[in-house]
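These are my notebook entries on a structure I went through by looking up charged pairs, aromatic pairs and the way the domains meet. I begin with the charged pairs.

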Amino acid sequence: MTCDQTDQSEVRQALIDATKAALGEAVNTRLEGGLYVVATPIGNLGDITIRALATLARADAIYCEDTRHSRKLLSRYRIDTPLRVYEEHSAGRERPRVLAALGRGDVVALISDAGTPLISDPGYKLVRDAVAEGHHVVALPGACAAIAGLSVSGLATDSFYFAGFLPSKTVGRRSRLEELGRIEATLVFYESPNRIAAMLEDAVDVLGVRQAVVGRELTKLYEEIVRGPLDELAEWANQTPPRGEVVVLIDGPGTTDVSDEEIVVALQRTLANNSLKDAAREIAASLKVSRRRIYELGLAIRDGRDGGK
Ligand code: SAM
């Protein structure tokens, strides 16, 4: 064995000892009764904090969305705290029971299938009511797909807007994108893999060709991060529909100094040989403005209005 290998194994052993000691300390710290909102991994089961494990092991009950799903995480760490269900459909019925347990001084943990509870997951009304009744409410922070995606996106992080899931139908989705398009911040979305191509297509039309990032299967074996202009990402998603879980991040509006006059000139040139739809697509890609803006100016030209001015 070389000297280097000995050093490495000593370092590893020291880490194991220190982690055990930290966990031992956390497990033996007194837990006050209250609602503990505990983040769990978004894929990689190693992404859980020492304090989260200690709290889950010490709680009187753990409320989760799906007991079969959460049991996998808990059995990995040999935690056998009773599991109860708190999910969207039964939340109304279950909430008074959780509040009663808090009233008795119990330690109640809330987890979701993945990541941080309440972030596009159940728990908001429970926390609201627990706060209103004066119970102790404690955050145990950890994994969150939105933050994980943002942290590696390469997009601005000084200001971001978490928009959750967009409406699934195109009319609602476009109108929501229209509202969000004005926000001066990186936009963060959750999306189902079945809808990602349609969502990116609508985003190009409504927001223009902004820079964007798709984070797929973050922290898991097939993690993939795809970056590029929205139109290229929409094409990528159309050609190779991504599987698994995805988070989508889109750059803020930035400043566009393309005037209506420039767009009208481009339209007059392009419309000679193209439909308005194709012209809008082509000009959007070259001038980096939204297809919608081009389309509206194109309609104005067609109606004989003066380039929309
Ligand atoms: N509470 C979770 C959190 O803190 O991220 C989010 C729950 S929400 C119901 C589930 C959505 O989060 C998925 O549809 C996907 O958009 C996103 N998501 C969850 N895990 C992910 C992962 N490993 N990679 C990419 N996106 C993920």
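**Entry 1: salt bridges**

I searched the whole structure, which is a predicted model, and the search returned 15 salt bridges. I then looked up several of the pairs one by one, together with the accessibility of each partner.

For R174 and D205, I found that the side chains meet in a salt bridge with an N to O distance of 2.5 Å. This pair links distant parts of the chain, since R174 belongs to helix α7 (residues 170–180) and D205 to helix α8 (residues 196–207), with their positions 31 residues apart in the numbering. I noted R174 as partly exposed because its relative accessibility is 23%, whereas D205, at 13%, counts as buried.

I next took E191 and R195, whose side chains form a salt bridge at 3.3 Å, N to O. Here I recorded E191 as buried, because its relative accessibility is 4%, while R195 is partly exposed, with a relative accessible area of 28%.

The pair of E217 and K220 is also a salt bridge, and its N to O distance is 3.2 Å. E217 has 14% relative accessibility and therefore falls under the 20% limit for buried residues, whereas K220, at 27%, is partly exposed.

Which residues are joined into one network by salt bridges that share partners? I listed R173, R174, E201, D202, D205 and R291, and so the list includes both partners of the R174 and D205 bridge described above.

**Entry 2: aromatic pairs**

I ran the search for aromatic pairs over the whole structure as well, and it found two. In the pair of F162 and Y190, the ring centres are 5.0 Å apart and the planes stand at 70°, which is over the 60 degrees required, so I entered the pair as edge-to-face. The two residues come from distant parts of the chain, F162 from strand β6 (residues 160–165) and Y190 from strand β7 (residues 186–191), and they are 28 residues apart.

Is each of these two rings buried or partly exposed? I found F162 to be partly exposed, with a relative accessible area of 30%, whereas Y190, at 10% relative accessibility, counts as buried. I also noted that F162 and Y190 form one aromatic cluster together with F165.

**Entry 3: domain 1 against domain 2**

For the domains I took the assignment of the chain, which gives domain 1 as 23–143, domain 2 as 146–250 and domain 3 as 260–307. I then looked at how domain 1 and domain 2 meet, and I found their centres, taken over C-alpha atoms, to be separated by 29 Å. Six residues from domain 1 and eight residues from domain 2 take part in the contact.

How much area is buried between domain 1 and domain 2? I entered about 490 Å², with carbon and sulfur atoms giving 62% of that area. On the side of domain 1, the residues that lose the most area to domain 2 are I42, I119 and S120, which together account for 72% of what that side buries.

I finally checked this interface for polar and charged pairs. The search across the interface of domain 1 and domain 2 gave zero salt bridges, and it gave one residue pair in polar contact, with both residues at pLDDT 80 or more.

Note on methods. Residues numbered from 1 in each chain as written. Heavy atoms only, no water. Phe/Tyr/Trp six-rings, centres within 6.5 Å; stacked < 30°, edge-to-face > 60°. Helix = DSSP H or I, 4+ residues; strand = E, 2+ residues; numbered from the N terminus. Buried < 20%, exposed > 50% of the residue type's maximum accessible area, 1.4 Å probe, protein only. Domains from an automatic or database assignment. Contact = heavy atoms within 4.5 Å. Buried area = accessible area lost by both parts, 1.4 Å probe. Salt bridge = Lys/Arg side-chain N within 4 Å of Asp/Glu carboxyl O. Polar contact = N/O pair within 3.5 Å; in protein donor to acceptor, adjacent residues only side chain to side chain.
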